[in-house]
Amino acid sequence: MLKREGRGENTELLGTMKRWAAVDNNVVFVFRKTYQDKGGMLYGDFFENFILRVNSGIEPSEAIAMDIRKIGSPFMRNVMINIQSVIENNGDLLMILSKFEHEAFKIEKTLLGNRIKVHKDRTLLLLMISITGMAYLRLHLLGLHQGWQTLVFVPVTLLSVWYYGRIIRESY
Amino acid sequence: MLLVQFLSLSYILFYFIEKKLHWKYLEKFEAFASAALVIWGVLLMVVTLRNFLDPLKTILRVLMVLWLFFLGKKTLENQRQEKSQVMLYEIFSFINNQLAAGLRLEDIIGNIHRVIEDKKMGRLFRERGEIFKENYDLELYLVELGRHFDPEEFFYVAYSLRNGFNLGMQQELLSYQQEIMFNNYIGIIIKKGDRNQIKLFFIALVQALALIIFVSYPIVIELMGSLDYLY
């Protein structure tokens with residue numbers, strides 16, 4: 001599954017789950033109804049697998065445990081672990097979901113702030129990478145290319161692209 | 001080469017000290033070890049550089065080594081603190097949420113290991129939880145786990161567990177504490193964003209340096225050639 005958060009998906013999802021939990025304190029009911037409401041959502045596969053497994057006779061807590069490692073976002077994984085523990089011991093789902101909705105809202109807001117902060121530097125780096133690449137090619141075309149230029153160019157671009165990917169994955 | 005050897009040796013030493021020792025001895029040991037390592041490094045420097053002893057250069061080298069050493073130490077400490085803060089927040093929120101959902105504390109303690117991402121700590125929590133289920137000795141559980149965390153941060157987790165076990169729930173107090181810990185967690189996320197910004201800027205700088213070298217190299221070569229023609 002994709003690791004994407006900070007676009008309001010988690011808050012929205014937890015909100016719908018909370019609303020259905022207010023109707024009935026039953027996990028299967030809540031998951032089925034949220035899947036009906038938001039079919040093509042971020043964790044759609046997770047919900048689909050859960051419903052399939054429960055229909056085929058597996059216990060709800062076990063069905064969650066089977067797919068929990070496939071959720072990319074650590075926050076949502078934490079939520080699912082909490083839900084799993086609640087199911088096993090017959091706890092109150094509504095309480096937990098409303099708490100996590102509040103937390104998700106705050107976390108996604110700060111992640112949005114991070115994204116805005118990084119955006120300018122990101123464009124700067126992309127510009128620099130493209131300009132250096134063009135300069136390297138230009139030197140090739142003019143016949144001014146030498147061996148050490150490749151030795152500088154390749155590791156520097158590889159390093160910057162790797163770092164770029166890592167940072168974007170963290171903040172986007 | 002010597003510098004690299006020295007730095008790598010010191011890092012390896014600190015890594016083992018951090019992993020193996022109890023946190024109580026760690027501070028004293030760290031102070032002693034850092035002082036000893038610095039003296040050792042200075043002596044090595046003096047011995048190796050005595051043949052071409054330039055006082056300014058040696059002082060600069062020593063200062064550089066010291067700076068690198070303390071920078072590494074500080075970053076390691078920060079990383080450890082951040083990791084433990086996030087972990088403790090996750091544990092605390094798990095306990096608090098489950099208590100709010102109406103579970104018994106005995107059931108909660110058995111499930112804490114699920115929240116923890118770190119494999120080693122997860123194994124420890126699972127083992128301790130199983131022992132707790134056998135003898136219901138909360139103090140033993142807390143003492144054994146408290147060794148692996150900063151005592152100031154671990155205090156509130158212990159507090160919440162004791163409250164839950166002995167007095168039932170004190171939901172309001174615990175929720176205030178959770179709010180504080182959550183704000184710390186948010187602060188860590190914000191700090192990460194700032195750090196990413198700085199990192200991106202420095203990588204762009206490296207790219208710019210490479211570009212400058214590419215462009216200026218032929219110009220410099222031509223300039224040298226023209227200087228030869230002139231004189």
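**Entry 1: B:Arg126 and its surroundings**

Does B:Arg126 count as buried, partly exposed or exposed? I looked this up in the model, which is a predicted one. B:Arg126 has a relative accessibility of 44%, so I record the residue as partly exposed; the partly exposed class runs between 20% and 50%. I located B:Arg126 in helix 5 of chain B, which spans residues 119-135. I then looked for charged company and found that B:Arg126 forms a positive surface patch together with B:Lys119, B:Lys120 and B:Arg123.

**Entry 2: Chain B as a whole**

I next noted the overall make-up of chain B. The chain contains eight helices and zero strands, and its pattern along the sequence reads α-α-α-α-α-α-α-α. Of its 231 residues, 37% are buried. I also looked at contacts between residues at least 6 apart in sequence: in chain B, 64% of these join residues at least 24 apart. The accessible surface of chain B is about 14500 Å², and carbon and sulfur atoms account for 65% of that area.

**Entry 3: A nonpolar patch on chain B**

Which residues make the nonpolar surface patch of about 690 Å²? I list B:Val220, B:Leu223, B:Met224, B:Leu227, B:Leu230 and B:Tyr231. I placed one of them, B:Met224, in helix 8 of chain B, which covers residues 171-230.

**Entry 4: B:Gln85**

I then turned to B:Gln85, which sits in helix 3 (residues 55-100) of chain B. Its relative accessibility is 23%, and B:Gln85 is therefore partly exposed. Apart from neighbours within four places in sequence, B:Gln85 contacts B:Glu153 and B:Ile188. I also checked B:Asn184, which is 99 residues away from B:Gln85 along the chain; the two C-alpha atoms are 8.0 Å apart.

**Entry 5: Salt bridges in chain B**

For the structure, I recorded 12 salt bridges over all chains. Side chains of opposite charge can pair when their charged atoms come close. In chain B, I found B:Glu139 paired with B:Arg162, with 2.8 Å between the closest N and O atoms. B:Glu139 belongs to helix 6 (residues 138-146) and B:Arg162 to helix 7 (residues 151-167), so this pair ties together parts that are 23 residues apart in sequence. Both partners are partly exposed: B:Glu139 has a relative accessible area of 39%, and B:Arg162 has 31%. I also noted a salt bridge between B:Asp107 and B:Arg104, at 3.5 Å from N to O. B:Asp107 is partly exposed, since its relative accessibility is 23%.

**Entry 6: Chain A and its salt-bridge network**

I closed with chain A, which has seven helices and zero strands. From the N terminus on, its elements read α-α-α-α-α-α-α. Buried residues account for 46% of its 172 residues. Chain A exposes about 8800 Å², of which 60% comes from carbon and sulfur atoms. Among its contacts between residues at least 6 apart in sequence, 57% join residues at least 24 apart.

Which residues are linked with A:Glu101 in a network of salt bridges? I found A:Lys18 and A:Arg19. The salt bridge between A:Glu101 and A:Lys18 has an N to O distance of 3.2 Å. A:Glu101 lies in helix 6 (residues 93-142) and A:Lys18 in helix 1 (residues 9-23) of chain A, so the pair ties together parts that are 83 residues apart in sequence. A:Glu101 counts as buried because its relative accessibility is 15%, whereas A:Lys18, at 23%, counts as partly exposed.

Methods. Residues numbered from 1 in each chain as written. Chains lettered and ligands numbered in written order. Predicted model: local features only at pLDDT ≥ 70, side-chain atom pairs only at ≥ 80, totals over all residues. Heavy atoms only, no water. Patch = residues over 30% accessible without salt bridge, like charges linked within 9 Å, V, L, I, M, F, W, Y side chains within 5 Å. Areas by Shrake-Rupley, 256 points an atom, 1.4 Å probe, with all protein chains shown as cover. Salt bridge = Lys/Arg side-chain N within 4 Å of Asp/Glu carboxyl O. Lys, Arg positive; Asp, Glu negative; His and termini not counted. Charge placed at Lys NZ, Arg CZ, Asp CG, Glu CD. Helix = DSSP H or I, 4+ residues; strand = E, 2+ residues; numbered from the N terminus. Buried < 20%, exposed > 50% of the residue type's maximum accessible area, 1.4 Å probe, protein only. Contact = heavy atoms within 4.5 Å.
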